[in-house]
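Me: I am new to this structure. Please take a close look at one part, the open sheet and what lies across it, and then finish with the second largest pocket.

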Amino acid sequence: MNKRITYDEALALYDLDLFELGEMADKIRQDKHGKKTYFNINRHINPTNVCADICKFCAYSANRKNPNPYTMSHDEIMEIVKDVESRGIKEVHIVSAHNPDTGLKWYLDIFKTIKTTYPDLHVKALTAAEVDFLAREYDKTYDEILDLMVENGVDSMPGGGAEIFDENVRDYICKGKVTSEQWLDIHQKWHERGKMSNVTMLFGHVESRANRIDHMMRIRDLQDKTGGFNAFIPLVYQTENNYLKIENAVTANEVLKTMAISRIVLDNVPNLKAYWVTSTVNLALVCQEFGANDLDGTIEKESINSAAGAKSANGVDLENFVALIKNSGFEPVERDSVYNEIKEW
Ligand code: V47
């Protein structure tokens, strides 16, 4: 059996030639998934941008730089869900800001309404950052909030809010939000309920390469205990309309290296997602040769990353998406939200 890579060895991988690294990651990808690239037909819904927290990297929440607060009514959300369901969309990915004015019921009732009306629609909702916010705001334990999520029909949790686990960087970019330990604790508790989730990493801002490896190692440790993460999703930091003031976007070389290294380090996480929204579609296609076996989905409408400059606001259409995967030499496979295969396109 291959020896597991250590923290120091993982950090040293950044010194390798990009293509050498790509070959190592591609071998792992091919062993796990062959040429298959997974995607799903999904719709992101972001019901409110009013936020009690101030993350320096965020361009989505209503604030001085984005003074357009909105909060959708449940009727408005159900109009969207009705429309997407009628067009065959199989997952709604519902993530909001941390709105202190709506009440806990507003956050939870919508899941129950969706699930009662459309039992087959997968509800992926509430990041660990939202769980922590709701627990604090409404004086509940994490266990209580997670139980309420299950009772109200949440099927899986997205990987948002992980950012970078290193405490110093975290303090600088999103002080006051869920801590790293709490983020991991919430996912552990979710997994202990037999539920699956994803995990992200926001990179390309003030963090170091060492911080990224530390982030991956903490994920690997939890995954050893629970096995509950479906996918790792490195999110490329978008530079516009936020308070971090990073002028130079991370290079494609660094994105590809980070992808490849995460494929090597996270030997226990089955899927590596190249989230085209933050990497661009073109680079996400290249990521398929650097370890990535998942391209998220058609998305349809996206608000969080597009607020920070990503050209993703209207998603991509299915035909085009499938053709791009095929033309880049891979096999597009539609999956459900927990990675059961639905259809080879
Ligand atoms: O947690 C915020 C990130 C995340 C910026 O689980 C930014 O399948 C880049 O988590 N530049 C939300 N990123 C999105 C997310 C996600 C997306 C797709 C799939 C899944 C999944 C999860 O967006 C936040 C934060 O890390 N974000 N601002 C920015 N300026």
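Reply: Start with a helix. Helix α13, residues 318–327, lies across three strands: β1 (36–40), β8 and β9. Its direction is at about 165° to that of β1. Keep in mind that this is a predicted model.

Now the sheet. β1, β8 and β9 belong to an open sheet of four strands. The order is β8-β1-β9-β10, and the pairing is mixed. In general, strands of a sheet pair through backbone hydrogen bonds, either parallel or antiparallel. At the edges stand β8 (294–297) and β10 (341–344), and each of them pairs on one side only. On average, neighbouring strands are turned by 30° against each other, with direction ignored.

Look next at one pair. Strand β9 covers residues 331–335. Three bridges join β9 to β10, and the two run antiparallel. Across this pair, E334 stands opposite K343 in β10.

Then the pocket. The second largest pocket holds about 280 Å³ of space. It is lined by 18 residues, and those closest to its centre are Q238, V277, T278, S279 and T280. Two elements give two or more residues to this lining: α11 (276–279) and α12 (281–287). α11 gives the most, with four residues. By type, the lining divides into 10 nonpolar residues, seven polar and one charged.

Technical notes:
Residues are numbered from 1 along each chain as its sequence is written. This is a predicted model: local features need pLDDT of at least 70, side-chain atom pairs count only at pLDDT 80 or more; totals for chains, interfaces and linings use all residues. Side-chain values use heavy atoms; hydrogens and water are left out. On a 1 Å grid over the protein atoms alone, a cavity is a set of points where a 1.4 Å probe fits but cannot get out, and a pocket is an open set with protein on both sides within 12 Å along at least five of seven lines; lining residues have an atom within 4 Å of a point. Grid points are joined across faces, edges and corners, and a volume is the space filled by probe spheres set on the points. Ala, Val, Leu, Ile, Met, Phe, Trp, Tyr, Cys and Pro count as nonpolar, Asp, Glu, Lys and Arg as charged, and the others, Gly among them, as polar. Two strands pair if DSSP finds at least two bridges between them. Axes are lines fitted to C-alpha atoms, for helices over the stretch in contact, and angles run from 0 to 180 degrees between N-to-C directions. Contact means heavy atoms within 4.5 Å.
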